[in-house]
Amino acid sequence: MSAIDSLPPLREVIAAHDLRAKKSLGQNFLLDLNLTARIARSVGDLEGSDILEIGPGPGGLTRGLLAEGARRVLAIEKDARCLPALAEVAAAYPGRLEVINGDALEVDPLAHLTPPIRIAANLPYNVGTELLVRWLTPPDWPPFWQSLTLMFQKEVAERIVAKPGSKTYGRLAILAQWRAEARIVLSLPPGAFTPPPNVSSSVVHLTALPEPRYPADPKVLERVVATAFNQRRKMLRASLKGLAPDIEDRLRACGIAPTDRAEQISLEGFCALARQMES
Ligand code: SAM
C-alpha cells in the first residue's frame, strides 16, 4: 500500500490516540488511505471547492481529500477523542483543515465556508439519512452545495437511485432525483471497515441540478409522496384519500389511474400531482 501523505498509517493513529470504535457513534473506520483517496477523487473539483466533511473520525477520508488537492476542508466531528489526531492532519496541511467539535445535526457550517461547496461524508446511517433529506429539501433551489458524496448502507444507496417499479423506489428516490443527479460510484464489503459493520456499503454521488426536473412546491411534493408510500401496497385512491375528498378526479386530471400504486408513479407524475393538489 503506497502512502498518500507523510502522516503515520491510520492503525498507528488509532492506537496512539486510543480511538477504540464506539458503536453509539456509528464508528466504522476506513483505514485504507488508497481507498479514501479514491472516494475523494469521486467528489469532483477538489482544488476549486471548499469541502464540508461530516464525521472525519481519525481522519481517513479527510487525508484523502487533502492529499487529492482539496482547497479547504471544514470537518465537523462529534467525538472529541478524535480532535488530537485531526490536529496532526491540520498541521500537515497548513491553513487547509478546520475542525469543529460538534453535532452535524446542530452546527451551522455556512459561516465557515466559501462557495463553491461540496459535501463528503461517511456517517452513521440515521444521521446520514437525516442530513441527506435536509440537504435535499431547502425551500429554495439551487442549494448551498454543488455535490454530495456520501457513504450509506448499500440498501439505502439503492433506495436513493431507485427507479419506478422497483421495491426500493420511494420517498428517498423522489426527493433525490427531483433536484439532483444521483448515482452509486463505489460499493464496499463490510471488511473494508474497522470494525466491519453487518452490511455492505455504497458511496452515492449527487450533483445538484440548476433547477428541479419538474415544477412543484417542495412541501406539497413531500407530503404527497410520504402519504402515498406510507401505505405503498394500497391503490392511490385509498392511500391518498385523506389528502383531498376528490382525490380520484385529481389523479385522473394528471393522467394517473386511481387504481395505480405509489411505486408505479414516475417522478414527473408525482410532481404533476403535487401541482394538482394546489389547484
Ligand atoms: N470518516 C471516518 C472514516 O471514514 O473512517 C469515520 C467514519 S465513522 C462511520 C462516522 C463518524 O461520524 C465517526 O467519527 C463519528 O464519531 C462521527 N459522527 C457520528 N455522529 C455524528 C454527528 N451527529 N455529527 C458529527 N459527527 C458524527
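**Group meeting: the ligand and the two pockets**

Okay, let's start with Gln 27: one of its polar side-chain atoms sits 2.9 Å from an oxygen atom of the ligand. Before I go on, please keep in mind that what's on the screen is a predicted model.

Two more contacts to look at, and these come from the backbone. At Gly 57, a backbone N or O atom lies 3.4 Å from an oxygen atom of the ligand. At Pro 56, a backbone N or O atom is 3.5 Å from a nitrogen atom of the ligand.

So how much of the ligand does the protein cover? On its own, the ligand has 580 Å² of accessible area, and the protein covers 98% of that.

Who's standing around it? There are 21 residues around the ligand, and Leu 30, Gly 55, Glu 77, Asp 103 and Asn 122 come nearest. If you sort that shell by class, you get nine nonpolar, seven polar and five charged residues.

Now, which pocket does the ligand take up? The space it fills is the second largest pocket. As for the shell around the ligand, strand 1, residues 29-30, and strand 3, residues 72-77, are the elements that give it two or more residues.

Let's stay with that second largest pocket for a moment. It holds about 440 Å³ of space. Its lining has 28 residues, and closest to the centre you find Leu 25, Gly 55, Asn 122, Leu 123 and Pro 124. You'll recognise Gly 55 and Asn 122 from the residues that come nearest to the ligand. The elements giving two or more residues to this lining are strand 1, strand 2 (50-54), helix 3 (60-67), strand 3 and helix 5. By class, we have 13 nonpolar, eleven polar and four charged residues here.

On to the largest pocket. How much space lies in there? About 510 Å³. Of the 23 residues lining it, Gly 26, Asn 28, Pro 124, Gln 153 and Pro 197 are the closest to its centre. Pro 124 should ring a bell, since it was also on the list for the centre of the second largest pocket.

Which elements build the lining of the largest pocket? Helix 5, residues 125-136, and strand 6, residues 145-153, each supply at least two residues. Strand 6 gives the most, with three residues. The class count for this lining is twelve nonpolar, nine polar and two charged residues.

To wrap up, the picture to take back to your bench is a ligand in the second largest pocket, with 98% of its accessible area covered by the protein. Happy to rotate the view if anyone wants another look.

Conventions:
Residues numbered from 1 in each chain as written. Predicted model: local features only at pLDDT ≥ 70, side-chain atom pairs only at ≥ 80, totals over all residues. Heavy atoms only, no water. Near = heavy atom within 4 Å. Polar contact = N/O pair within 3.5 Å; in protein donor to acceptor, adjacent residues only side chain to side chain. Areas by Shrake-Rupley, 256 points an atom, 1.4 Å probe, with all protein chains shown as cover. 1 Å grid on protein atoms, 1.4 Å probe; cavity = no way out; pocket = protein on both sides within 12 Å on 5 of 7 lines; lining within 4 Å. Sits in = over half its atoms within 2 Å of the grid points. Helix = DSSP H or I, 4+ residues; strand = E, 2+ residues; numbered from the N terminus. Nonpolar A, V, L, I, M, F, W, Y, C, P; charged D, E, K, R; others polar. Points joined across faces, edges and corners; volume = space filled by probe spheres on them.
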